[in-house]
Structure formats: C-alpha cells, structure tokens
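Reader: I should like to go through the reasoning behind the labels given to this protein. Please set each value against the rule that it must satisfy.

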Amino acid sequence: MLELINVAAFTHSKSQEKTNEDSILLPSRLEDGYIFGIADGVGSYAGAHLASELAVKFFSKLTTIPKELEVENLLNVIKFEIGDLVSINQEFFQAATTLTIGIMSAKGLHIIHVGDSRLYIRNEHKLLCATKDHTQHQKLLEAGLYTERQLKKMSGKNILTTAISKNINLEFQYSFMKIVDIIDDSGHVLINVMSDGAHEFWEKRPKFSLNTMGSPTSFASSLQKRIEKNGPVDDYSLISVKFKVRL
C-alpha cells in the first residue's frame with residue numbers, strides 16, 4: 001500500500017517583472033499511485049509559459065499509468081499541441097518546454113524526462129539524481145571528452161539539446177525504479193523534482209541537516225530561503241513528496 005504523507009512545493013519567477021515560465025503538477029491520484037512533476041518553458045522562445053502549462057495540463061488528465069511504449073506517443077501529442085499555439089499568436093511558433101514527471105505506484109517509480117529539470121531520490125543524507133540532463137555539457141561528458149571538473153569551468157552548461165517543441169527533435173528518458181530499490185529502512189520514499197533554477201543552488205552545496213532532508217516541508221522552506229538569499233538566476237520550482245510504503 002502507498003500513502004502520501006507529506007508534500008511541499010514552490011514555483012516563482014526570477015523577478016517580479018517577469019512571467020514565471022515554470023509550471024508544476026502537484027501530486028494527484030493516478031490508479032494506485034500519484035503523478036507529479038515540473039515543466040520549465042524555454043525562456044528564449046515566445047509562448048514558453050503556455051508550452052509548460054500545456055505539458056502539465058496534459059499529464060494531469062491521464063487516467064492510467066502509461067507503459068514505456070506509450071510514452072513517445074504521449075510526448076508527441078504535447079508537441080503537436082504546442083505547435084498549435086501559433087493559432088493564438090504567430091510569435092509562438094518556436095514555443096518549447098522541458099518536462100520531468102514522476103509517477104509513484106505501489107510497484108515503483110516511473111520517470112518521464114525531457115530537458116534539464118532533475119528528479120532526485122533521497123538516500124539517507126544524500127539526494128541521488130535519477131535523471132540525465134539533455135544539455136551540451138552532458139553530451140560532452142557522456143562522450144568522454146571532458147570530466148565533470150573540467151566542464152564546471154566551461155560556459156554553456158544550460159544549453160539544451162532537446163525540448164518539447166514543434167521545431168526541435170525530441171529525445172526523452174523513460175525509466176522505472178522498483179520500490180525495493182528506493183524505499184528506506186523506515187518504509188519511506190522521498191522524491192524531489194527541481195527546475196534548473198532550483199537545482200542550480202542545491203548542487204552548489206548539496207547538504208541540509210538530516211531532519212531537513214527527511215521532511216518535504218522543511219526541505220522546501222530551506223531551499224527557497226537559500227535561493228532567495230543568494231538571488232535567483234532563473235525561475236525556480238520544487239516539488240517534494242514523501243510516501244509511506246507498506247510492502
């Protein structure tokens with residue numbers, strides 16, 4: 001049995017003068033589990049906030065947990081709907097968004113991911129990233145051309161190699177993690193989804209106290225304070241969820 005016992009979230013624009021181009025999907029029931037996630041509209045293109053809203057709205061209407069073979073078709077439907085935004089405004093012809101979705105069921109966690117938001121699983125006092133960024137830096141790393149240390153000194157880390165858009169070739173990650181691989185000793189699963197404007201600040205100092213790490217409410221509050229104290233560099237969003245699992 002799966003029980004959602006704690007959830008916390010925030011989503012904010014980089015500044016009051018700008019539109020927040022992130023959209024969040026708070027946990028909602030889907031079969032025997034819950035679906036949640038973040039879409040981050042690609043800010044360099046007009047209509048970014050509408051693209052992220054479309055992606056989140058589409059997944060919020062799912063009635064069944066998608067099978068792996070269905071994921072590409074679902075993402076292509078969103079791609080088509082985003083392409084249709086030109087009927088509202090011709091300037092939206094390049095509208096694009098990233099998307100990171102988690103679907104937690106009694107059997108495990110389904111992950112659907114496009115772009116550079118990140119999904120983390122808590123493992124004791126650490127957060128383990130379960131997604132891979134679709135960025136130029138990640139491509140260079142996977143090709144073995146540079147090390148992580150070398151890439152940290154190079155520009156272009158936020159340049160995307162894919163997104164959901166009519167004009168961009170779609171790449172995506174689908175993965176499934178069995179419940180026995182993510183449950184902790186107390187029977188809990190804790191998941192954090194962050195847009196790049198949030199994980200930018202987490203990765204600089206990936207540490208909070210054990211009590212803070214174990215509570216979505218405390219974690220969200222602490223991370224938001226850290227971001228706002230240092231000054232946001234982008235729109236920033238987080239969804240933190242904690243489940244109790246009885247096997």
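Author: The exchange below takes up confidence, the sheet, one helix and two loop residues in turn.

Reader: What kind of model is this, and how do you know how much confidence the predictor places in it?

Author: The model is predicted. Its pLDDT averages 91 over the protein, and 91% of the residues score at least 70. Residues 140–146 stay under 50; for this stretch the model has 11 contacts beyond four places in sequence. Local features need a pLDDT of at least 70, so residues 140–146, being under 50, do not meet that cut-off.

Reader: What makes β2, β3, β4, β5 and β8 an open sheet, and which strands are at the edges?

Author: The 5 strands follow the order β2-β3-β4-β5-β8, and their pairing is antiparallel. Strands β2 (22–30) and β8 (173–178) each pair on one side only, and they are the edge strands. From one strand to the next, the twist averages 10 degrees.

Reader: How do you know that β3 and β4 pair?

Author: Two strands count as paired if at least two bridges are found between them. Between β3 (residues 33–41) and β4 (residues 97–104) there are 8 bridges, in the antiparallel sense, so the requirement is met. One position along this pairing is A39, which stands opposite L99 in β4.

Reader: On what grounds is β5 said to pair with β4 and with β8?

Author: The same rule of at least two bridges applies. Antiparallel strands β4 and β5 are joined by 6 bridges, and β5 and β8, also antiparallel, by 6 bridges; both pairs therefore qualify. L109 of β5 has M104 as a bridge partner and is also bridged to M177 in β8. In addition, β4 and β5 form a hairpin, with 3 residues between them.

Reader: Why is β5 described as largely enclosed?

Author: A residue is buried when its relative accessible area is under 20%. In β5, 7 of the 7 residues are buried, so the strand is largely enclosed by the rest of the structure.

Reader: How do you know that the length of helix α1 agrees with expectation?

Author: Helix α1 (residues 48–60) has 13 residues, which at 1.5 Å a residue should span 18 Å. The C-alpha atoms at its ends are 19 Å apart, which agrees.

Reader: Why are the buried residues of α1 said to line one face?

Author: The buried residues are A48, A51, S52, A55, V56, F58 and F59. Viewed down the axis of α1, they fall within an arc of 160 degrees, so they line one face of the helix. They pack against β2, β3, α2 (68–83), β4 and β5 (108–114).

Reader: Why is S105 called buried, although its place is in a loop?

Author: S105 is in the loop between β4 and β5. Its relative accessible area is 4%, and the cut-off for buried is under 20%, so S105 is buried. Beyond its neighbours within four places in sequence, S105 is in contact with L2, D32, G33, I65, H110 and I179.

Reader: What makes P232 partly exposed?

Author: P232, in the loop between α8 (216–230) and β10 (236–245), has a relative accessible area of 25%. This value lies between the cut-offs of 20% and 50%, so P232 is partly exposed. Residues up to four places away in sequence aside, P232 touches K14, F201 and I227. From C-alpha to C-alpha, P232 and A198 are 8.4 Å apart, with 34 residues of separation in sequence.

Methods
Residues are numbered from 1 along each chain as its sequence is written. This is a predicted model: local features need pLDDT of at least 70, side-chain atom pairs count only at pLDDT 80 or more; totals for chains, interfaces and linings use all residues. Side-chain values use heavy atoms; hydrogens and water are left out. pLDDT is the predictor's confidence in each residue, from 0 to 100. Contact means heavy atoms within 4.5 Å. Helices (H or I, at least four residues) and strands (E, at least two) are DSSP runs, numbered from the N terminus. Axes are lines fitted to C-alpha atoms, for helices over the stretch in contact, and angles run from 0 to 180 degrees between N-to-C directions. The expected span of a helix is 1.5 Å times one less than its number of residues. Buried means under 20% relative accessible area, exposed over 50%, partly exposed in between (1.4 Å probe, protein chains only). The arc is that of the directions from the helix axis to the C-beta atoms.
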